[in-house]
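Biologist: I have a model open and would like to learn how to read its helices and charged pairs. Could you walk me through it?

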Amino acid sequence: MPTVSVKWQKEVFPGIEIDTSQPPIVFKSQLYTLTGVPPERQKIMVKGGILKDDADWSTLGVKDGQKLMMIGTADEIVKAPEKGPVFVEDLPEEEQVVALGHSAGLYNLGNTCYMNSTLQCLHSVPELKSALLSYPDTVRGNGIDQASHNLTLATRNTFGDLDQSVRPVAPLQFLQTLRKKYPQFAQQHNNVYMQQDAEECWTQLVYTLSQTLTSDSSESAVLPMKQLFGIDLVSRVHCAESGEESTETESVYSLKCHISQDVNHLHEGIKHGLKTELEKASPTLGRTAVYTRESRINELPRYLTVQFVRFFWKRESNQKAKILRKVDYPLELDVYEFCSDELKQKLQAPRQMLRDAENAKFGLKAHGKASSSKENEESSSSAGESSSMDIDKAESYLPKKQLTGVYDLVAVLTHKGRSADSGHYVGWVKQDDGKWTEFDDDNPNIRKEEDILKLSGGGDWHMAYICLYKARMAESKS
C-alpha cells in the first residue's frame, strides 16, 4: 500500500496509507477523521483531475511518498451570540443530535450497507450502549480473544460517534476489526469488496458481544447480552415411527419466521419455525428415522429479534435466492402462545398488571379476573406463585419491572433486491418521540409509522428481513 502525505490549507498530514484494494471513498473517510472535511466536500488533485469516489486506483498512478493536495472546508459550529435567539446550528454538536431527534448516518465504505443497517438497528438499544460504555479498554483474562475484544471496542466507539455527531460517521475502525474477526466479510470479486448478508453480520456481532459483554466484564447494574437478546427454548423431539421422545434445551438469539405459501403473517411464520422435522439415527429402529421437533419459549429477553427466512440456496444459479412473498408483521407482538406452560404461568401476574395499567390510562376500572379464560385455565393453580417474572436474576437492578410477553416494534432491517449478496440494506429505527427514521447509509430521513407497515414484501421494494421488538414491561406496585 502506498504511503502519501496530504496538504490541506496550511497543514500537511504525512504517512497516510492508501489501501488500493478499497474504493477512494475509504481514503476520503480517513481524511475526514483527520481534517473534519466531509468526503462529499473533498477535492483531491490526482492524475487526470479530481479523485472520484469510485475511481480505479490502478489508473491513477499514485506513488509511494507522493504529496497530494486537498481542497475543502470542514464543518464548523457557528457560535451563538450570548444573548438572542438560539438556532439548532448554533448548538454544540451533541445538543444538535438531541434537537434533530435522531443520530447520525454512516458512510458506505464500499458495499457496506449490510453493516451500516445492522449497526443502526442495534444502536437503538440503550441498554446495549450502557453495557458497551462500561466495557474495559483492556482484556481482563476472562477467555476473551483479542479480535473479539477489539470488535467490542470498535462497536462502543462507533456508537459513541453516532451519538455525538450530526455529520455522517465513517465506521472505518469497525469495518477493519469486523473483517479481521470474521474474514468472510472481506471477500472480494475483481478486487472489489463484495456485498454481504446483513443477517450474518447481525448474528456474528451479537454472538461476539454475548461473549464479551457478560456479567463478569461489566458493572453489576448493566444487563448482559443474554438478558437483553437471549431466548431459551425447550423442545420436545418425537419419532412417530418408533415412539421415542426426548426433551432438549437451547439458547438462541432470534426467532425464525419461516415463509411458505401458507404464511401471510409473522405469527404464522414463527409458528412454522418452532415446529420442524429432522432426520437422525434411531437407537430403537437401528436406522435413520424422521423426528418432529416442537419448541416452546422458556425464557424471554428484553429485546426479541425475529428473522424472516427470505433467502435459500438455489442450485441452478449457485446463489442465495429471495422469497418475495408478502408477510405482514405487527407493531405490537404478543408471543404468549409460543411460550412453555411453565413460562405462561410466570407471565400471568405481570400480564394482569399490564392490563390494569393500560385500562387505567383510559379510565377503565381494573379487574383482577380480567385475563382471558384460556390463560386462566392454563395457570389457575399458579397465580399466587407468579408475582415476579424478572429478567433472569435481575431483581437487584430491575426490582419493579417484569416481562409480560408483549413486545413493541422498535427497529426493522430491510433488504431491497433479489439476492442476499446484492441489492441494498437499510435500517429503520423508532425514536424516543415515537417517530421513525430511515437510515439509508449516510442519509437519515424521517418516516411515518404507516411507512414502516409497507415493508412487508410482495415486490421489489424494501422488505423486512429482521424485526427488533422491545418488551413492554409491567410495573409492580411494591
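Modeller: Let us go through the fold, one helix and some salt bridges. Keep in mind that this is a predicted model.

Biologist: Happy to. How many helices and strands does the chain have?

Modeller: The chain has 12 helices and 23 strands. Of its 478 residues, 47% are buried.

Biologist: What span should helix α10 have?

Modeller: A rise of 1.5 Å a residue gives the expectation: the 21 residues of α10 (residues 341-361) should span 30 Å, and the end C-alpha atoms are 30 Å apart, which agrees. There is also a kink of about 40° at Gln 348, shortly before Pro 350. Both Gln 348 and Pro 350 are among the buried residues of α10. After the helix comes Gly 363, with a positive phi near 75°.

Biologist: Now the charges. Which side chains can pair?

Modeller: Side chains of opposite charge can do so when their charged atoms come close. In this structure, a search finds 17 salt bridges. One of them joins Asp 137 and Arg 156, at 2.7 Å from N to O. Asp 137 sits in the loop between α4 and α5, and Arg 156 in helix α5.

Biologist: Is Arg 156 buried or exposed?

Modeller: Arg 156 has a relative accessible area of 18%, so it counts as buried, the cut-off being under 20%. Asp 137, at 53%, is exposed.

Biologist: Where does Glu 332 come in?

Modeller: Glu 332 belongs to a salt-bridge network with Glu 358, Asp 408 and Arg 472. Its side chain meets that of Arg 472 at 3.1 Å, N to O. Arg 472 lies in the loop between β22 and β23 and Glu 332 in strand β16, so the pair ties together parts 140 residues apart in sequence.

Definitions and conventions
Residues are numbered from 1 along each chain as its sequence is written. This is a predicted model: local features need pLDDT of at least 70, side-chain atom pairs count only at pLDDT 80 or more; totals for chains, interfaces and linings use all residues. Side-chain values use heavy atoms; hydrogens and water are left out. Helices (H or I, at least four residues) and strands (E, at least two) are DSSP runs, numbered from the N terminus. The expected span of a helix is 1.5 Å times one less than its number of residues. The bend at a residue is the angle between axes fitted to the seven residues ending there and the seven starting there. Buried means under 20% relative accessible area, exposed over 50%, partly exposed in between (1.4 Å probe, protein chains only). A salt bridge is a side-chain nitrogen of Lys or Arg within 4 Å of a carboxyl oxygen of Asp or Glu.
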